[in-house]
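Subject: Structure handover

Hello,

Here is the structure I promised to pass on. My notes follow below it.

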Amino acid sequence: MSTAVAQKKGFGAFIWDYLTTVDHKKIAHLYLVAGGLFFLMGGLEAMIIRIQLMKPDNEFISAGLYNEMITMHGTTMIFLAAMPLLFALMNAVVPLQIGARDVAFPFLNSLGFWLFFFGGLILNFSWFMGGAPDAGWTAYAPLSTTSPGHGVDFYVMGLQISGAGTLIGGINFLVTIVNMRAPGMSYMRMPLFTWTVFVTSTLILFAFPALTVGLFLMMFDRMFGSVFFDVAAGGNVIIWEHLFWIFGHPEVYILILPVFGVFSEVFSTFSRKRLFGYSAMVFATVLIGFLGFMVWAHHMFTTGMGPVANSIFAVTTMAIAVPTGIKIFNWLFTMWGGTIQMTTAMLWSVAFIPTFTIGGMTGVMLAAAAADYQYHDTYFVVAHFHYVIVGGVVFGIFAALHYWWPKMFGKVLNEKLGKWTFWPFFIGFHLTFFIQHFLGLMGMPRRYWKFLEGQGLDTGNLISTIGAFFMALGVIIFLWNVIYTAFKEPKASADPFDGRTLEWSIPSPPPFYNFKQTPLVRGLDALWIEKSEGKKAMTPAEPLGDIHMPYGSILPFVMSLGLFIAGFGFIYQVDNPVWLSLVFIGMGITLGAMFVRSVKDDLGYHIHKEDLEKGDGQL
Amino acid sequence: MKGWMGKFRALFLLGSLSLILSGCGVDKLSALKPDGYGAELLYDLMILSIAIMIFVFIVVMAIYTFVLIRYRRKKGQEDFIPKQTEGNKVLEIIWTVIPIILLLVLAVPTVQAVFDLAETSSDEADIRIDVTSAQFWWQFDYAGEEISTSQELYIPKGERVYLTMKSADVIHSFWVPSIAGKMDTNPGDNENTMYLEAKEEGVYWGQCTELCGPSHSLMDFRVVVVSPEEYEQWVNDMKNADPEATPDTQVAQEGQEIFQNNCMSCHAIGAQPKGVGPNLTNFGDRAKVAGILEPTKENIKNWILNPNEYKPGNTMPANLVNEEEAGKVAEYLMQLKPSEITPESAQ
Amino acid sequence: MSNEDILNPKQMPHEPEKATLEGKNKFLGFWFFLGGETVLFASLFGTFLALKDSTAGGPGTEELFGLELVFVMTMLLLTSSLTSVYAMYHMKNNNFSKMMVWLGVTVALGFSFLGFELYEFYHYIHEYEFTFRSSALGSAFYTLVGFHGGHVLFGLLWIVTLMARNAKRGLNLYNAPKFYVASLYWHFIDVVWVFIFTVVYLMGKVG
């Protein structure tokens, strides 16, 4: 066999491996690559928006296309970039941090990914099939229900399918964290990242069904003639606003809490200090999660809910500032008295504090319901949520990637290029968004295709656009760093950053069974405790024995593919009932795969003790 | 409430902050240049919240800067292991309690302002206006006065004008930053109310702030604030305008005929009957055509021929009349000037 | 535990559904799933309540509903919940054939419930022209009750599949959690129906 054929076969096997994998570490890779690609898509859309707004009365793109851009930018960034990138981190790290060999439901883990991925594909296929959704990522009815063409149908089907994937992922992590912790790891010994993932998963579980219902109502209105949002038949458009934000507000905490966890790990590791006020941090996380469900209507202060409702939601919203403030001070005091090492991961985390503080402060300003009558739906809001979502979530994802890259890929990202990523992005970010606070107050509403001459908005918008290019530069340097590191950097050790938690006690990257022997946890920062007592490794909690592992399966991919096909059937059956055949084919594939899954036993297999001893991680 | 805020401002040197901010934006558009009761109330609330936030920010940044300089790892400290502090009860209580107090300071005036701005009309003598939004224009019906206008809302200076707001199609939002905050206009039964109380005469920008379709950004309107006497005169002029009046020039007369044959199914002149398109009673007085174009004959003609070129997605049909007819209709529309009180006179 | 032991245990433990880690995970994961389902139905109930008087000139709830039929449906579903409890009781006693009998009764009751529901919908559509598209109330009613009906159908197919798959091999530690979780789902459907009965039918009838 020639080498070319061997390589070809190798590549096919590689693809097949990833299509069928149920290994949380490989699923993390899938989430990272897919989420990364969607992030680039969303970024490109952002650049087009900023170019359009570079100067007054610009005609770079048409009004209709502009609305498609803003809708797809928001939807992509929230659902297809930020969420999956966080899922990549959760998958890569949580089982390792709790000393588990896999997640509770490896099969569902894979299903969750493929549902998200095919949902994202549906959404983005809209670009090539008559136009993207154009009613904003919030898709307020009746603009969305009456929007011509199929754009919003793609939004509905795409989000419904990827949302199901997210819900499955959330349940999976809840059970994993409750049931699969290593011996000795009580709840109050869990690393803070795991804690935040736990709370985030709870939020996913209770928030996403509201979106599911909202999307069903919209789907029925658009595709099957129901009249939920048709005021002529007694419908009520405010129902969508409530359902959307009952989901939508917890969603922002779903995004931000895991990165709070990331920052807690990074500050602690690179200050070489235990997290200050650990129990207060846990309590604050839970409280934020809880309050996150009490505040949805602060997105609706101008909807006309009346002064009583507005006041209640104003006060509950302000209350969230208290646990958030606790976190900020605890991070500062984690560094206080420590020995701060300015790695790239630490740089992103350090930059996060002032950025997020500004975002949090404008959040409190927005919570003042009456004042929101001025801020609402202006660039002030745009600035605010980019300060928390870029300044919080994206900074956090960058910090996490630089921190956990060796654990995910076996190499430490190049530090020099890491800093070159940081500075243009950081400076560009503030250039882009700080000025937008003022643009909003000066009378520029959000989602405006054009602003006019003589409105005093020219300079601010130009500065903002220039900033966006700096951010793009930062992202490009990061991509270069990924390639450079893959080829030029040496293999990383198990513990390159003097880590404190369990993931640093096993090789980088870990063997597919993670822990040869389950470790015994003796306190918070389990590895640190062992290291400070002079030990090199964790004490095992069990003798070396057979390890039970799940089989891979193509079924999750097939199930998701079925829904993907059915999605197109639902969208196009409005034009011609013939398309219903696609619905039946697609649903048949999905239900058939579910049936196979149900009747075929999948007990997994065992790695034998002898092989473990012999192979020593070489399996 | 206002007096209390006034003292507050003096006490905390908030004046200087206001001064910096009020340099931002253009008159009659910026929320930072308030000329109305609502806008001023909200401006004060804004300044109060910014002041609190700046205080918090300074505290955070002071600790932050100190920590980063003082505790940065220096050469020779590579093996240094700091003390592993678990926490500090006193400190943690302090940074829980102080924010709560600060938030209460903000919450009280917030709730007051919310209720203040929710006031509705209780007196029949009040000026009450029904606002109806549509893609992509605004209709204003003066309750009890048999007056309707589109795109330009006339109100008297110093009086509270009560608005009842709804939408004819999708959700829009009514915003006049320099006079008051904003309020959504919903379709169906979810009617909203708000009031305007302008303190200066002039022509103010109004904008739609809820995404409503392709021309969302072009759904501008104007609020024309005039003195109470001028307002009275304007109301009389509008009431006395004769929608059937024959124009002076031959061209305009022909334009009127074309208009009556082609345009009247949607556009009303006079308060009745209400059309599905904008009311054109005082079209010749308007500061802008369709909220965005200069009111020249050429612009009006081009708009009539192809409205979608200027406001994509709007429902006015193109090429209902030919180019020559459009010119005549433009001529007719431009002489619809029932009142001497116009945006120009108000400026 | 080896795969042999899971499929052919020498002795069934008292709680076979939670005897393996996989079983424990399924058990807990399913409870979480039901938590999410609760929010799903709560959202549908909220929507229904917001639209329950939006008849758009068509028939309202008082005119439409007949409590006799709904009462029979309620009894059918409540009884099926009880029979599924019996089935689980026999599962814990490792009595496979009795478990299958009671599951069979459960399935029969479930299908008759669905039959009545279809008749009910047919009745509203043909006697009152009250459809999914006729008013916002219609949309909300058929969506809420239909979602529940869809859950019933899915539950029935699920239990039937489980029964057919395992008919020949009896209970083991691999399928016990599956039976248990399916019965949990069935109880959940039942509880949702109690709320539908109260909120939709009783409140709709009484006002």
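Which chains share the most contacts? Chains A and B do, out of the 2 pairs of chains in contact. Chain B and chain C do not touch. Their nearest C-alpha atoms are 11 Å apart. Please keep in mind throughout that this is a predicted model.

**Chain C overall**

Chain C has 7 helices and 0 strands. From the N terminus, its elements read α-α-α-α-α-α-α. The C-alpha trace spans about 65 × 30 × 25 Å along its principal axes.

Chain C has 207 residues, and 53% of them are buried. I also looked at contacts in chain C between residues at least 6 apart in sequence. Of these, 80% join residues at least 24 apart.

The surface exposed by chain C comes to about 9000 Å². Carbon and sulfur atoms supply 65% of that area. On charges, chain C carries 13 positive and 15 negative ones. The mean positions of the two sets are 15 Å apart.

**Annotated spans**

UniProt, in an unreviewed entry, annotates "transmembrane region" on chain C. The residues covered are 28–49, 69–89, 101–119, 139–163 and 184–204. I checked two of these spans in the model. Residues 28–49 of chain C are 100% helix and 0% strand, with end C-alpha atoms 32 Å apart. Residues 184–204 of chain C are also 100% helix and 0% strand. There the end C-alpha atoms are 29 Å apart.

For chain A, UniProt lists "domain: Cytochrome oxidase subunit I profile" at residues 10–522, again from an unreviewed entry. In the model, residues 10–522 of chain A are 69% helix and 0% strand. The C-alpha atoms at the two ends of that span are 43 Å apart.

**Aromatic pairs**

The count over all chains is 120 aromatic pairs. Two in chain C are worth listing.

C:Phe27 and C:Tyr180 form a tilted pair. The rings sit 5.6 Å centre to centre, with 40° between the planes. This pair links distant parts of the chain. C:Phe27 is in helix H2 (residues 21–51) of chain C, and C:Tyr180 is in helix H7 (residues 176–206) of chain C. The two residues are 153 residues apart. C:Phe27 counts as buried because its relative accessibility is 18%, under the 20% cut-off. C:Tyr180 is buried too, at a relative accessible area of 15%.

C:Phe30 and C:Phe33 form another tilted pair. Here the distance is 5.4 Å centre to centre, and the planes make 45°. Both residues are in helix H2 of chain C. They are 3 residues apart, so about one helical turn separates them. Are these two residues buried or exposed? C:Phe30 is buried, with a relative accessible area of 11%. C:Phe33 counts as partly exposed, at 28% relative accessibility.

**Backbone points to check**

Two cis peptide bonds are on my list:

- A:Ser508 and A:Pro509 are joined by a cis peptide bond, with omega about -10°. A:Pro509 lies in the loop between helix H16 (458–488) and helix H17 (526–532) of chain A.
- The peptide bond from B:Gln135 to B:Phe136 is cis, with omega near 0°. B:Phe136 is in the loop between strand S1 (127–134) and strand S2 (137–142) of chain B.

Two alanines have a positive phi:

- A:Ala139 has a phi of about 45°, although it is not a glycine. A:Ala139 lies in the loop between helix H4 (106–125) and helix H5 (143–146) of chain A. At 1% relative accessibility, A:Ala139 counts as buried.
- C:Ala56 is not a glycine either, and its phi is about 50°. C:Ala56 is in the loop between H2 and helix H3 (61–64) of chain C. C:Ala56 counts as partly exposed, at 44% relative accessibility.

**One glycine**

A:Gly43 is in helix H2 (residues 24–52) of chain A. A:Gly43 is partly exposed, with a relative accessible area of 24%. A:His24 is 19 residues from A:Gly43 along the chain, and their C-alpha atoms are separated by 27 Å.

Best regards

Conventions
Residues are numbered from 1 along each chain as its sequence is written. Chains are lettered from A and ligands numbered from 1 in the order in which they are written. This is a predicted model: local features need pLDDT of at least 70, side-chain atom pairs count only at pLDDT 80 or more; totals for chains, interfaces and linings use all residues. Side-chain values use heavy atoms; hydrogens and water are left out. Helices (H or I, at least four residues) and strands (E, at least two) are DSSP runs, numbered from the N terminus. Buried means under 20% relative accessible area, exposed over 50%, partly exposed in between (1.4 Å probe, protein chains only). Contact means heavy atoms within 4.5 Å. Accessible areas come from the Shrake-Rupley method with a 1.4 Å probe; for residues, only the protein chains shown count as cover. Lys and Arg count as positive and Asp and Glu as negative; His and the chain ends are not counted. The place of a charge is taken as NZ of Lys, CZ of Arg, CG of Asp or CD of Glu. UniProt positions are given in the numbering used here, feature names are shortened, and annotations may be inferred rather than shown by experiment. Rings of Phe, Tyr and Trp (its six-membered ring) pair if their centres lie within 6.5 Å; planes under 30 degrees apart count as stacked, over 60 as edge-to-face and the rest as tilted.
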